[in-house]
Amino acid sequence: MSEVTDATDWRQEFAEEARAERPDLARLCLLIGAEADPSVTRADLDAAEIELDRLAGELPYGVRDPAGWMTALARLLGGRYGFHGTPADYLRLESSLLHEVLRRRRGLPILLSVVWMEVARRAGAPVYGLGLPGHFVVGFGDPADQLLSDPFAGGRAMTGMDAELLVAGATGEPLEPSMLRPASPLEIVLRILNNIRGWASPRPERSGVALWAVELSLLLPSHPARLRYEHAELLVQRGEFLAGAAEMEAYASVVDAVEPSAAATIRNRAQAARALLN
């Protein structure tokens with residue numbers, strides 16, 4: 001089989017993995033990277049999986065309690081290998097791509113958390129991701145115990161008060177119990193794709209990045225309906241007026257039942273998009 005796989009194949013694999021009974025978080029993240037970087041090959045994805053396996057193999061034997069796992073992960077990943085993040089990492093698309101995060105050992109909180117989770121999971125640790133507003137962290141053991149670690153800070157241990165301060169700083173609101181619910185793999189993937197769209201949004205020259213991020217999001221079994229409208233707007237922005245107008249009209253049909261005035265506005269925008277052809 002050829003090493004090079006085209007974008008259509010990557011997307012098909014992404015869609016199939018997203019609909020699997022137990023979606024593989026690492027695989028989905030690596031497929032996002034393959035969509036982002038045309039130079040990525042099958043061998044690159046396999047190498048990233050092997051690196052996660054190798055890191056898991058370096059964790060000490062005999063760790064049994066969640067606190068021990070948290071300490072061991074911080075020493076290995078944050079200490080020995082220097083995985084961490086800085087404010088400058090928010091400016092780089094690579095910070096949202098798992099294969100690049102494994103190479104650079106730098107990334108956004110959510111991607112560093114994926115590294116922590118996937119290494120820990122391979123070693124048998126009781127681990128989960130926690131999508132706090134504005135910052136993603138990792139938890140160990142029973143979520144009720146709030147034994148939390150911040151991979152962005154190299155695996156620094158967090159207290160419940162630390163989590164409350166994080167949420168208050170991001171939202172101005174108190175920490176709600178629902179915020180401490182472990183995130184599912186597909187919720188994590190959608191949040192990663194949202195981050196990529198957020199990175200591309202203020203960069204008109206990177207509208208292609210925003211487009212594929214939206215299109216991958218639409219392949220997930222559950223996604224916000226409004227993404228269809230965002231997809232349509234991006235198509236129009238990139239000069240695909242007929243396709244964008246058709247997408248707007250399809251979305252207007254969905255909205256019509258609950259917000260007729262909004263649906264009418266969307267249809268007007270679709271008409272304006274078609275007029276750009278004249």
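A salt bridge here is a side-chain nitrogen of Lys or Arg within 4 Å of a carboxyl oxygen of Asp or Glu. One such pair is aspartate 256 with arginine 267, whose closest N and O atoms are 3.3 Å apart. This pair links distant parts of the chain: aspartate 256 sits in the loop between H11 and helix H12 (260–275), while arginine 267 belongs to helix H12, 11 residues apart. Helices, by the way, are DSSP runs (H or I, at least four residues; strands are E, at least two), numbered from the N terminus.

Before going on, some housekeeping. This is a predicted model, where local features need pLDDT of at least 70 and side-chain atom pairs count only at pLDDT 80 or more, while totals for chains, interfaces and linings use all residues. Residues are numbered from 1 along each chain as its sequence is written, and side-chain values use heavy atoms, with hydrogens and water left out.

Back to that pair. How accessible are its two partners? Aspartate 256 comes out at 30% relative accessibility, and arginine 267 has a relative accessible area of 31%. Both count as partly exposed, the class between buried (under 20% relative accessible area) and exposed (over 50%), using a 1.4 Å probe and protein chains only.

Now for the wider charge picture: the structure holds 21 salt bridges. Among them is aspartate 53 with arginine 122, with 2.7 Å between the closest N and O atoms. Here too distant parts of the chain are joined, as aspartate 53 is in helix H3 (residues 42–57) and arginine 122 in helix H6 (residues 109–123), 69 residues apart. Aspartate 53 is partly exposed at 42% relative accessible area, and arginine 122 is partly exposed at 24%. Both residues also belong to a network of salt bridges that links Arg27, Glu49, Asp53, Glu118, Arg121 and Arg122.

Another salt bridge joins arginine 156 to aspartate 162, with the closest N and O atoms 3.9 Å apart. Arginine 156 is partly exposed, with a relative accessible area of 43%, and aspartate 162 falls in that class at 24%.

Finally, take a look at phenylalanine 241, which lies in helix H11 (residues 241–255). What does phenylalanine 241 touch, leaving aside its neighbours within four places in sequence? Its contacts (heavy atoms within 4.5 Å) are Val236, Ala273, Leu276 and Leu277. For leucine 277, the C-alpha to C-alpha distance from phenylalanine 241 is 7.1 Å, with the two positions 36 residues apart in sequence numbering.
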